[in-house]
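Colleague: I have the structure open and want to see how its labels are earned. Can you walk me through the reasoning?

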Amino acid sequence: MKITKVNVHLMQAGAPTHTAWGGAGKSALASGRNWLFAEIHTEEGLVGLGEGSGWPRVVAAALPDLAPLLVGEDAFQTERLHQKLRVAMMGHGHLGVVGSGALAALDTALWDIKAQALGRPLCDLLGGRVRDTVPYYAHVKDAETARAAVARGVRALKVGGTRQIVERAWAIREAIGPDIDLIVDLHGPAWLTGADAVAVGRALEGAHLLFLEEPVAPDDPLGWRRVRDSVALPLAAGERLGTLAEFDQLIASGLIDVVQPDTGRTGGPTQLKKIAALAEAKALLVAPHSGSLGPVAEFAAVHWMAASTNGLILERLEPDWDGKQAAVTRSLQASDGYIAVPAEVGLGTSLDHAFVAAHPSERNVALPAGGWEPGTEQETPYLQARRSRARLTNQ
């Protein structure tokens, strides 16, 4: 199954209808989202498809550099080619989610080729499906959007941000009742201090969250330890990591209960299988991050979750920009809070090239709004202590 060429497609994605942060500000996804797709062609005419995140516009520049290393190779040799590509990038340093995003795009496309050639859905090559449907959670910004999501059949919801988050989360819990799972995401900017994260976490304990996501910055180990020792909620993290070693350290730390790899920036199925195994060995669950991703990485996430015994739940922006379905020839089917695992061979979809080409990349960075203390937004600090602390945990 000899590789003949690699094609790269970068597009500007539109804003989602709303995100979990919409009730307290504006997400960077509103104006800075790009999707990056790679297609690997073979002599036999099969075309594998993958998606790379971790800063898609930068990854798009890396893929043509890596492509000659794949031409002439056997597409079935996924592990060896994964090692080859990683070693080729090593001279530029440890590239984190950017390097792992490039690997994800190419590795996913290679697995897609293998599955197509064998006439099987991708999940069958990842160990075989342990479930036919994958549960997902949707973003909501307030009680109104929460009730609307539940009316559509969604069984798990996420609200995010730091401004009035305790009040907003409790309003949603009261609106949806005890039978719907609720997640709270506290990620910055600005990131909370350890003390503020503990105060918020304790105030949310009675809401019985499915998990509390990124209560402090990923590079704040003392803050993480403080939250872990002080808050009686499951904790989740991992979406900002790219390499297997980074996930090994996170999993071994004992600081989390749920691991959140992003299928577009975590090295592809070759590495995702290893991350799931590391997590399983420590009795941890996996819940893939998918907030900024396009449709191809979401297909990959569903296949991975279908074959992972410790899969908990998948993130999904719903409703998302209409172009998410238009960019591919076949979309995932979701109902009553579950996504059906595709039965088609390979990933189960391909690109609509005309639609992708009609949406060229314009920008791939943006600043969110509403996450800083009033009057300090122009300072754009990474970490910020919250003032008027008596109101921090108001319900």
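Modeller: What follows covers salt bridges, burial and one helix pair in this predicted model.

Colleague: How many salt bridges does a search of the whole structure find?

Modeller: The search finds 21.

Colleague: What makes K274 and E79 a salt bridge?

Modeller: The cut-off is 4 Å between a Lys or Arg side-chain nitrogen and an Asp or Glu carboxyl oxygen. K274 and E79 come to 3.1 Å, N to O. That is within the limit, so the pair counts. K274 sits in helix α10 (residues 269–281) and E79 in helix α2 (residues 78–89), 195 residues apart.

Colleague: Why are K274 and E79 called partly exposed?

Modeller: Partly exposed lies between 20% and 50% relative accessible area. K274 has 29%, and E79 has 35%. Both values fall in that range, so both residues get the label.

Colleague: What makes K158 and E315 a salt bridge?

Modeller: Their closest N and O atoms are 3.0 Å apart. The limit is 4 Å, so the pair qualifies. K158 is in strand β5 (residues 156–160) and E315 in strand β11 (residues 314–316), with their positions 157 residues apart in the chain. Both K158 and E315 are buried.

Colleague: How do you know that K324 and E298 are buried?

Modeller: Buried means under 20% relative accessible area. K324 is at 8% and E298 is at 3%, so both pass.

Colleague: Which network do salt bridges with shared partners build around E298 and K324?

Modeller: One network joins R33, R152, E298, R316, E318, D320 and K324. Within it, K324 pairs with E298, their closest N and O atoms being 3.4 Å apart. K324 lies in helix α12 (residues 323–326) and E298 in helix α11 (residues 295–306), so their bridge ties together parts 26 residues apart in sequence.

Colleague: Why is helix α9 called roughly parallel to α10?

Modeller: The axes of α9 (residues 244–252) and α10 come within 10 Å and cross at roughly 15°. Angles under 35 degrees count as roughly parallel, so this pair does. The crossing is right-handed.

Colleague: Which residues make the contact between α9 and α10?

Modeller: From α9 come L244, F247, D248 and I251. From α10 come Q271, K274, I275, L278 and A279. The contact divides into 6 nonpolar, 1 polar and 2 charged residues. K274 thus appears twice here: it touches α9 and bridges to E79.

How values were computed: Residues numbered from 1 in each chain as written. Predicted model: local features only at pLDDT ≥ 70, side-chain atom pairs only at ≥ 80, totals over all residues. Heavy atoms only, no water. Helix = DSSP H or I, 4+ residues; strand = E, 2+ residues; numbered from the N terminus. Buried < 20%, exposed > 50% of the residue type's maximum accessible area, 1.4 Å probe, protein only. Axes fitted to C-alpha atoms, helices over the stretch in contact; angles between N-to-C directions. Parallel < 35°, antiparallel > 145°, perpendicular 65-115°, else oblique. Left-handed = near helix turned anticlockwise from the far one by under 90°. Contact = heavy atoms within 4.5 Å. Nonpolar A, V, L, I, M, F, W, Y, C, P; charged D, E, K, R; others polar.
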